[in-house]
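Work through the exercises below with the model in view. Try each task before you read its solution.

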Amino acid sequence: MSLTRFARIACGALLGFSMAFSVHAQIVSSKGMATIVYEGKLKPADRQAAMQKANLSALEAYVAQTWLAKVRVFAARRDDFVSKLDRLVLGSTILSESENKQAKTYSVVVRSEINAALLQVELDSGSATVATPNSSRSPVAMLFLARMQGSVQSFQAREYRRTDMQAMARMSGASTERTHEGESIGDSHIGTSGSISRSQSGKENYSAIVETGGSTTQKADKISWNVTTSSEINTAMTGVFSGSGYEVVEAEYLESMSGGKLSIDRIRGDFSRGNDLSPDVLRSTVDGIRQAGVPYLAVGTLDVGIRDQDPVSGLVRVTVTVTGKVLDVTGRFPRTISSVGPIQYAGVGNTETVARTNALTQASEKAARVMVDELNARAVR
């Protein structure tokens, strides 16, 4: 076999494995159960009806484990998903079944394999955005930043101590004095004599009450962040929004159109010192987005944690905490129409760089998915 042919076969095998892994990652397992009442004897059609009902139960159980926005979309179009159940559920395995001949009931518990990718496509297909022509869709400005801890200032606990004292004393005593004087007169002299006798006793009682107290004040750590943009974030988030029918524009492209009101550097500065934009920067940003003619702004941060070791695989693990929201700036005051977080996602890899990239990608995709589902539930076009 020639080297070229071997290389083609190897590449084909790798591509097939990659596609199989990707498809497998979009298939999820969910458990469902159902009970039906039958007439006469239990027939194959009755078993089939119970299986269909159990598969629908598994599908609903999977949707219920996601987020509220997706549940609302599913509930609004439930009949549509019931009609497509055979496509959404790829297969099922019976875990247990039982028949009560006296009550004429049949119960079954199944583990169903759900095509999560197709389910998401069906959820998005009924959104107001997909039903709107491309020329009429409103753009969304995207501004998500990655943050890593630059420095952490910790403060020692401040202690305050207080002592209160009460003292009580009780005294008693007695004193006695006796005096005696005498005088004698003789032929040639006069004499005097005297004596004094004293006695004294006393008693003293003393008691004290001491009360101590105080307080300890602990000041929170002061954290400064290194804020950067990340291609992984932009690619993952814009991919989810665009795939769901939204017109996405990165905020950097709008700076020149905002009349100087939108400043990426000022936004980075605020996020380097805290978890939100200051009122002045927020107002200026909203005004700049309006002036650029964009009605929606998606903004947030992805905080990269310190590396550790995954206890299962032993690989390097990095955790990312994502927080974000979508603002509608068309009104007099901006209003939040979608929000996510703080939610943590972990990525693993052979090196810290690989683990961080995996964590950022996963967090970006999940956060964007949550926000898109909420926008779909609100019928945002």
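**Exercise 1. Trace the three-strand sheet.**
Find how strand 2 and strand 3 pair, and over how many bridges. Then place them in their sheet.

Solution.
Step 1. Strand 2 and strand 3 (residues 105-115) are antiparallel partners, with ten bridges between them. This is a predicted model.
Step 2. Pick one bridge to check the register: Glu 99 is matched with Tyr 106 of strand 3.
Step 3. Widen the view. The open sheet has three strands in the order 1-3-2, with antiparallel pairing.
Step 4. Look at the edges. Strand 1 (27-37) and strand 2 (89-100) each have a single partner strand, so one side of each has no neighbour in the sheet.
Step 5. Add the twist. Ignoring direction, neighbouring strands of this sheet are turned by 20 degrees against each other on average.

**Exercise 2. Place the helices around this sheet.**
Which strands does helix 2 lie across? Which does helix 6 lie across?

Solution.
Step 1. Helix 2 lies across strand 1, strand 2 and strand 3. Its direction is at about 135 degrees to strand 1.
Step 2. Helix 6 (residues 116-125) lies across strand 1 and strand 3. Helix 6 runs at about 85 degrees to strand 3.
Step 3. Helix 2 (residues 44-64) also meets helix 3 (residues 68-76): their axes come within 8 Å and cross at roughly 145 degrees.
Step 4. Name the residues of that contact. Helix 2 brings Leu 59, Glu 60, Val 63 and Ala 64, while helix 3 brings Lys 70, Val 71 and Phe 74.
Step 5. Sort them by type: five are nonpolar, two are charged and none is polar.

**Exercise 3. Judge two residues.**
Is Ala 58 buried or exposed? Is Asp 310 buried or exposed?

Solution.
Step 1. Locate Ala 58 in helix 2.
Step 2. Apply the cut-off: buried means under 20% relative accessible area. Ala 58 has 0%, so Ala 58 is buried.
Step 3. List its contacts beyond four places in sequence: Ser 30, Lys 31, Gly 32, Ser 112 and Ile 114.
Step 4. Compare sequence with space. Ala 58 and Glu 113 are 55 residues apart in sequence, with 8.8 Å from C-alpha to C-alpha.
Step 5. Turn to Asp 310, in the loop between strand 10 (308-309) and strand 11 (316-328). Its relative accessible area is 13%, so Asp 310 is buried.
Step 6. Beyond four places in sequence, Asp 310 touches Leu 315, Arg 317 and Val 348.

**Exercise 4. Follow strand 11 to its partners.**
How many bridges join strand 11 to strand 10, and how many to strand 12? Include strand 9 as well.

Solution.
Step 1. Strand 9 and strand 11 pair antiparallel over nine bridges. Tyr 296 has Asp 328 as its bridge partner in strand 11.
Step 2. Strand 10 runs antiparallel to strand 11, joined by two bridges. One partner pair is Gln 309 with Val 316 of strand 11.
Step 3. Check the turn. The hairpin of strand 10 and strand 11 has six residues between the strands, and there Gly 314 takes a positive phi near 80 degrees.
Step 4. Strand 11 and strand 12 are antiparallel, with twelve bridges. Val 316 finds its partner Gly 349 in strand 12.
Step 5. Six residues make the hairpin link from strand 11 to strand 12.

**Exercise 5. Find the largest nonpolar core.**
Which residues have the most contacts inside it? Which element gives the most to it?

Solution.
Step 1. The largest core has 32 residues, and Phe 144, Met 237, Phe 241 and Leu 302 have the most contacts inside it.
Step 2. Elements giving two or more residues are strand 4 (139-153), helix 7 (231-243), strand 9 (296-304), strand 11, strand 12 (335-349) and helix 10 (352-377).
Step 3. Helix 10 gives the most, with ten residues.
Step 4. Zoom in on Leu 302. Its contacts beyond four places in sequence include Phe 144, Ile 233, Val 320 and Leu 360.
Step 5. Note a second, separate core of 21 residues, with Val 249, Phe 271, Ala 292 and Val 329 among them.

Conventions: Residues numbered from 1 in each chain as written. Predicted model: local features only at pLDDT ≥ 70, side-chain atom pairs only at ≥ 80, totals over all residues. Heavy atoms only, no water. Axes fitted to C-alpha atoms, helices over the stretch in contact; angles between N-to-C directions. Helix = DSSP H or I, 4+ residues; strand = E, 2+ residues; numbered from the N terminus. Contact = heavy atoms within 4.5 Å. Nonpolar A, V, L, I, M, F, W, Y, C, P; charged D, E, K, R; others polar. Pairing = 2+ DSSP bridges. Buried < 20%, exposed > 50% of the residue type's maximum accessible area, 1.4 Å probe, protein only. Core = buried A, V, L, I, M, F, W, Y, C linked by side-chain atoms within 4.5 Å.
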